[in-house]
Amino acid sequence: MDVRINKSTLSLVEGDITSEETDAIVNAANARLAGGAGVDGAIHRAGGPSIMEECRKIGGCQTGQAVITTGGSLKAKYVIHTVGPVYQGGVKGESHLLKSAHLESLKLASAKRLKSIAFPAISTGVYGYPVNEAAHIALKTAIDYLNEHDDLELVRFVLFGRKTYDIFTDELRKLI
Ligand code: AR6
């Protein structure tokens, strides 16, 4: 599903983010940038060891913040590593932190003059965020950003599996 937001395209696809050809893909990392399971493991496997070498030099990333490395052997030129919150019932500032993770990633893409960026469904796997709530926050943050900035041509969400894709689609329909 593709929609036009201001001068940009907001796109939802089902798939594996490691094959994306956007300028940057976003990694759902942990605060130590130590690698792990889920999309983090898949990105490091597909991108090769240079990404982890750069992560080690950076040292870490606080929850809600974002850092950038090159994309190693991925098609994407860069990986933006952000850290979403662990879901703890929704009463520990998780929504603010999840919004911040998306916003800081978008700002970093703009600062690097990138034109396209692809996000996974941050925090919805190991970190346990309910997908519908996470989808609402992720999409609203992207829509608000694109309404205020003209530089990014494409913001894509690459959803792993039909169920997550369908939930993101439902949330997007409610927001536009
Ligand atoms: N492409 C796109 N999405 C994917 C892929 C893929 N190749 N693989 C998994 N997903 P998760 P989190 C989806 O657990 O919840 C790691 O250990 C997955 O189905 O990857 O933010 C890190 O090191 C889910 O919808 O990230 C951290 O410690 C979404 O990506 C922790 O997990 C996010 O699931 C971060 O947990």
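## Exercises on the ligand site

The residues that line the largest pocket divide into 15 nonpolar, 10 polar and two charged, where Ala, Val, Leu, Ile, Met, Phe, Trp, Tyr, Cys and Pro count as nonpolar, Asp, Glu, Lys and Arg as charged, and the others, Gly among them, as polar. The model is predicted, with local features requiring pLDDT of at least 70 and side-chain atom pairs pLDDT 80 or more, while totals for chains, interfaces and linings use all residues. Numbering runs from 1 along each chain as its sequence is written, and side-chain values rest on heavy atoms, with hydrogens and water left out.

**Exercise 1.** Describe the largest pocket and its lining.

Step 1. A pocket is an open set of points on a 1 Å grid over the protein atoms alone, where a 1.4 Å probe fits, with protein on both sides within 12 Å along at least five of seven lines, and its lining residues have an atom within 4 Å of a point. The largest one has a volume of about 570 Å³.

Step 2. Of the 27 lining residues, Ala28, Gly38, Val39, Asp40 and Gly125 are the closest to the centre of this pocket.

Step 3. The elements that give two or more residues to the lining are α1 and β7 (154-159), and α1 provides the largest share, four residues.

**Exercise 2.** Locate the ligand and characterise its shell.

Step 1. The ligand takes the space of the largest pocket.

Step 2. Around the ligand are 22 residues, of which Asn30, Val39, Asp40, Ser123 and Val126 come nearest; a residue is near if one of its heavy atoms lies within 4 Å.

Step 3. By class, this shell has 12 nonpolar, eight polar and two charged residues, and helix α1 (residues 38-47) gives the largest share of it, four residues.

**Exercise 3.** Which atoms of Asp16, Ile17 and Ser123 lie beside ligand atoms, and at what distances?

Step 1. Polar contacts are pairs of N or O atoms within 3.5 Å. A polar side-chain atom of Asp16 lies 2.9 Å from a ligand nitrogen atom.

Step 2. From the backbone, an N or O atom of Ile17 lies 3.0 Å from a nitrogen atom of the ligand, and one of Ser123 lies 2.8 Å from a ligand oxygen atom.

Note on methods
Polar contact = N/O pair within 3.5 Å; in protein donor to acceptor, adjacent residues only side chain to side chain. Sits in = over half its atoms within 2 Å of the grid points. Points joined across faces, edges and corners; volume = space filled by probe spheres on them.
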